[in-house]
Amino acid sequence: MKVLAPPGGMIGVLGGGQLGRMLAMAAARLGIRAHIYAPDEEAPAYDVADQVTRAPYDDRAALAAFAASVGAVTTEFENVPAQTLAILNEGVPVRPGARAVAIAQDRMLEKDFLNRVGAPTAPYRKVDSLEDLKKALAELGTPAILKTRRFGYDGKGQVRITSPEEAASAFAEMKGAQAILEGFAPFVREVSLVAARGADGEIRAYDLAENRHEAGILRESRVPVRGGAEISAVAFDMARRILEGLEYVGVMGIEFFALGDGRLLVNEIAPRVHNTGHWTIEACAVSQFEQQIRAVAGWPLGDPSRHADAVMTNLIGHEADSWAEYARQPNTAVHLYGKTEARPGRKMGHVTRVLRV
Ligand code: AMP
């Protein structure tokens with residue numbers, strides 16, 4: 001396996017958010033420097049980066065200079081333009097590759113791919129017109145969820161439809177964007193798996209986490225999940241099919257709906273480190289962030305075993321103002337992302353409470 005970033009080397013990260021910040025911090029522990037590329041004037045990852053390029057994602061000259069400065073490039077968000085990855089890949093290995101990112105960007109391509117490799121999803125239909133939506137509703141029934149194919153996150157770009165009469169108003173909310181209708185998954189809980197595939201094809205996965213969302217935003221992830229042994233084996237098998245099917249290199253977050261009958265359906269995949277894996281910083285010898293750096297840099301993957309139980313809670317909007325209270329709590333790690341403006345719904349930080357086992 002070729003080492004693309006040895007100690008003293010540099011990794012490029014597209015995106016300057018908190019995931020980029022935590023990637024840069026994990027890289028530093030391995031003696032690897034981070035070069036962050038993002039269009040924003042200010043961003044959480046800049047504070048901890050060795051180098052920063054502030055430029056648009058279609059600036060060819062800036063991308064070429066960025067590629068020349070690093071041993072490998074990765075991304076901390078899935079909506080990076082496919083063209084950006086293609087340009088970078090002319091000069092430097094990009095991990096994960098453009099195909100994996102393109103599939104994860106589009107809910108329709110994503111679901112087609114998942115079902116093809118044997119990782120089942122909720123039933124879904126393509127919706128490009130109101131006629132399509134009416135037909136899909138007749139086939140899938142209600143409740144159902146209409147989602148934009150691209151650029152949705154934290155529950156944005158989706159509408160729940162509870163009766164066929166709502167078709168026109170729901171369709172109008174898509175504002176002309178291509179969409180899919182998803183049948184409702186009658187889940188009893190939501191779980192997720194963070195898994196990694198190295199450049200040599202080795203696959204390692206963290207323990208499943210159980211997640212709770214509020215208003216479409218992740219509120220809490222906890223490990224271990226209740227009764228996890230059986231669903232863990234199923235989830236791991238699906239992760240292997242997905243990672244191998246994409247010839248993926250790097251860390252991926254896979255969200256599942258766990259149904260009452262024990263089945264798992266994949267909700268979505270994220271071609272990057274994942275909010276539901278933040279607990280790995282405190283509860284594992286090698287965190288998801290270090291794992292991503294290792295995979296991208298061509299290092300051996302680290303041991304993902306968990307040595308403690310943990311609960312991770314996101315600090316959203318003004319909740320982060322209470323940092324001093326969290327800082328007083330026992331067995332609690334406080335993470336603040338350095339964001340100055342606490343807009344409602346914005347992830348400002350998180351806390352992980354480590355429970356002794
Ligand atoms: P998403 O942005 O697709 O992850 O959806 C955000 C949240 O909406 C999920 O975490 C679920 O709680 C809920 N949700 C999304 N799709 C479905 C579905 N097909 N069936 C039931 N709940 C869903």
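Which strand is Leu336 found in? I looked it up in this predicted model. Leu336 belongs to strand β16, which covers residues 332–336.

**Surface entry.** I checked the exposure of Leu336 next. Its relative accessibility is 36%, so I log Leu336 as partly exposed. The cut-offs behind that label are under 20% for buried and over 50% for exposed. I then looked for a patch around this residue. Leu336 joins Trp323 and Val334 in a nonpolar surface patch of about 260 Å².

**Helix entry.** I turned to α10, residues 288–297. Ten of its ten residues are buried, so I note the helix as largely enclosed by the rest of the structure. The buried set includes charged-type names as well as nonpolar ones to look up: among them are Glu290, Arg294, Phe289 and Ile293. I also checked the residue that follows. Gly298, just after α10, takes a positive phi of about 80°.

**Aromatic entry.** I counted ring pairs with centres within 6.5 Å. The count comes to five aromatic pairs. I took Tyr206 and Trp279 in detail. Their ring centres are 6.3 Å apart and their planes stand at 85°, so I file the pair as edge-to-face. Tyr206 sits in the loop between β10 and β11, and Trp279 in the loop between β14 and α9, so the pair ties together parts 73 residues apart in sequence.

Are these two rings' residues buried or exposed? Tyr206 has 3% relative accessibility, so it counts as buried. Trp279 is buried too, with a relative accessible area of 1%.

Last, I noted a cluster. Ring pairs link Tyr37, Tyr57, Phe66 and Phe77.

Notes
Residues numbered from 1 in each chain as written. Predicted model: local features only at pLDDT ≥ 70, side-chain atom pairs only at ≥ 80, totals over all residues. Heavy atoms only, no water. Buried < 20%, exposed > 50% of the residue type's maximum accessible area, 1.4 Å probe, protein only. Helix = DSSP H or I, 4+ residues; strand = E, 2+ residues; numbered from the N terminus. Patch = residues over 30% accessible without salt bridge, like charges linked within 9 Å, V, L, I, M, F, W, Y side chains within 5 Å. Areas by Shrake-Rupley, 256 points an atom, 1.4 Å probe, with all protein chains shown as cover. Salt bridge = Lys/Arg side-chain N within 4 Å of Asp/Glu carboxyl O. Phe/Tyr/Trp six-rings, centres within 6.5 Å; stacked < 30°, edge-to-face > 60°.
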